Amino acid sequence: METVVNQELRILLQFLLWIIGGGIGIILILWICAQFDFFVTGNPTGQVKAIMKNETFERAIGKIPGHIVTERGLVMRLPKGMTSDPNLSLMNRLLGIYWIGIAPICSVFVYYFEWEKLRIIAGSGERETPDGKKIPVTDSEGTVVVQRGERVDSMFYRYPYPMTAVAAEIIGNYMYDISTLATIELVNLEQALFIVLPTGSWLTEAKAAVLAAIRYYASSRTVDELRQNMKKMSTGTATAVPGATATSDFEKEIIDRVNKGKRGLIALYGVKLSGIQLIKITLHDPSEDKAITKATTAKAVAEAEAEATVAKAKGAAETVRIAADADAYKIDTLAAANTARVTSVLGAAAKIPGAIGVIFEEARRDGIVGSKAQTLVIGQGQGVMVTTPPALPAAPTQTGP
């Protein structure tokens, strides 16, 4: 009885080992086939591939966290409540392997792609000046742009590309090289690869649009304003992180100008600029440094002299105003005193017959009213009608008791 049980266990273990070995063998075969894009293919996270059928675009495959990749190559954010792309199969999720189709009818689209990559390296090559001289390019950050070009079978969903606007003119007619790191994001694979030919030219078009926007922005800015934007990005008060709210004036304007409209990158090439960061700002011709310093110093001196002149003029004007206010105060005070005096006298004179006529003559004599005036103006424009009374009869002669 024990022998039979042992035999059954042995058979069961052999079967399990055969299943496990067979599974591992199948996975190994699939992995090897995926390396050569034969029936199946592998696709790293963050990349999208185009599957062709008889040299015609059939569908797109890819795995991007937080996004859905449709068969037509559209990349969209996951709706609320959804945690993963419903288009991904179990094999896609666990093994990262995707079905292509029967070879050679179906295949992965491969094309030649040229781009530039920013590397952090101490010491960084050289460039040519307008007069033909080659000078070393030293950079405090130790960055260098490396040219790349090779046959590729996928497209990055998001990738930072170094872009430099050479000899960009700023305010003052100065020429600067403005180096940036522009993050390009895939929106529509079919449009990016197959609508605009030759294939891969979407980057050329995107770079041209970004550099044109940088030149336009710089033409109305000073170098200090550009460096202020770069400082904001480096200190974290502005951000070039894709998908975040752009707080840098430079970043916001460039993104809006490049992406929006019927002539924008999204509408024409199926990609968009999702972030751009200022890397460095250098004079195109270093020999202009002394001239710029001299001009800047002269401008600062002129501005200081102008401010001093304005301050002196303001001081003189303030002195005149204070003197005028003092004179006006004296006049108002004198007028108020005269008004009070005249009003008091008139009040008292009204009780004495014939006194008003005498006061009127005194007012006329003193210039308070005109010779033909009938109104004596007092205080703040108030008037008292003063009419010259007829001659009073002579006082009766007093007789004795």
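These are my notes on one three-stranded sheet in a predicted model, and on the chain that holds it.

**Ground rules.** Since the model is predicted, I take local features only at pLDDT of at least 70 and side-chain atom pairs only at pLDDT 80 or more, while totals for chains, interfaces and linings use all residues. I number residues from 1 along each chain as its sequence is written, and side-chain values use heavy atoms, with hydrogens and water left out.

**Whole chain.** I looked up the elements and found nine helices and 17 strands in the protein chain. Both kinds are DSSP runs numbered from the N terminus: helices are H or I with at least four residues, strands are E with at least two. Of the 401 residues, 32% are buried (under 20% relative accessible area, 1.4 Å probe, protein chains only; exposed is over 50%, partly exposed in between). The chain exposes about 25,200 Å², and carbon and sulfur atoms supply 61% of that; the areas come from the Shrake-Rupley method with a 1.4 Å probe. I also checked contacts (heavy atoms within 4.5 Å). Among those with a separation of 6 or more, 60% join residues 24 or more positions apart.

**The sheet.** Next I traced an open, antiparallel sheet in the order β13-β14-β15. I count two strands as paired if DSSP finds at least two bridges between them. β13 (158-170) and β15 (271-283) are the edge strands, each with a single partner, so one side of each has no neighbour in the sheet. From one strand to the next the twist averages 25°; axes are lines fitted to C-alpha atoms, for helices over the stretch in contact, and angles run from 0 to 180 degrees between N-to-C directions.

**Strand pairs.** β13 pairs with β14 (residues 174-186) over 11 antiparallel bridges. Y159 has I184 of β14 as its bridge partner, and I170 has Y174. The two strands make a hairpin with three residues between them, and G172 in the turn has a positive phi of about 100°. On to β15: 11 bridges join it to β14, again antiparallel. There, L181 is partnered by Q277.

**What covers β14?** I asked how many of the 13 residues in β14 are buried. I got 11, which makes the strand mostly covered.

**Helices on the sheet.** Helix α4 (residues 201-218) packs on the sheet and touches β13, β14 and β15, its direction making about 40° with that of β13. Helix α6 (residues 249-259) packs there too, touching β14 and β15, and its direction makes about 135° with that of β15.
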